Amino acid sequence: MVIFLRESLLYADEKDRQFDMAEQSNKANNSTYARGSEWRRWDLHVHTPETALENGFGTWEEFTDRLRVEKDVVAIGVTDYVSIHNYRRLLDEQQRAPLGSIVLLVPNIEFRIGPETSRGHAINIHLLIDPTSPGHCDHIDEALSRLSI
């Protein structure tokens, strides 16, 4: 057995020492996570009420009530067709009251293009935008306004 000594702390093995070093580093960096990378659930394709072509999710109140009891998913991609209107609305809801375990909302702009597949299905392209970029909503709306459809 190898024992490591750091600032008068004894470690039974290298794994214990590395875990403590990572924990100390996280504290120094104001990290929320004590052990570095950990698996978390994300759902990057979530349609909301009033989504064009996919409006089958009840009312906004019912939808946000379901999100507010969420315990596993920490990030969602708020998906709509060629728009971020519902993303903006969900951001406002999140500022009013937490959305359960969800801490990150990502704008997911969906484009349905042709020609159709051999089975008659449209081809969908998704564009996810960094939500931490300052002014990202205004930049997205400005870019979408220049599209000719």
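1. Helices α3 and α4 run roughly antiparallel to each other in this predicted model. Their axes cross at roughly 165°. Angles over 145° count as roughly antiparallel, so the label follows. Helix α3 covers residues 85-96 and helix α4 covers residues 136-145. The two axes come within 11 Å.

2. The crossing has a hand as well. α3 passes α4 in a left-handed crossing.

3. Next, the residues at this contact. α3 contributes Y87, R88 and L91. On the α4 side they meet H136, C137, D138 and D141. By class, the contact of α3 with α4 holds three nonpolar residues, one polar and three charged.

4. Now the sheet. Four strands make it up, and the sheet is open. The strand order is β3-β4-β5-β6. Pairing across the sheet is mixed. From one strand to the next, the twist averages 30°.

5. Which strands stand at the edges? They are β3 (41-47) and β6 (123-128). Each has a single partner strand, so one side of each is left without a neighbour in the sheet.

6. Strand pairing in a sheet goes through backbone hydrogen bonds, in either a parallel or an antiparallel sense. For β3 and β4 (residues 73-81), the sense is parallel. Five bridges link this pair of strands. One position can be checked directly: W42 has A75 in β4 as its bridge partner.

Technical notes:
Residues numbered from 1 in each chain as written. Predicted model: local features only at pLDDT ≥ 70, side-chain atom pairs only at ≥ 80, totals over all residues. Heavy atoms only, no water. Axes fitted to C-alpha atoms, helices over the stretch in contact; angles between N-to-C directions. Helix = DSSP H or I, 4+ residues; strand = E, 2+ residues; numbered from the N terminus. Parallel < 35°, antiparallel > 145°, perpendicular 65-115°, else oblique. Left-handed = near helix turned anticlockwise from the far one by under 90°. Contact = heavy atoms within 4.5 Å. Nonpolar A, V, L, I, M, F, W, Y, C, P; charged D, E, K, R; others polar. Pairing = 2+ DSSP bridges.
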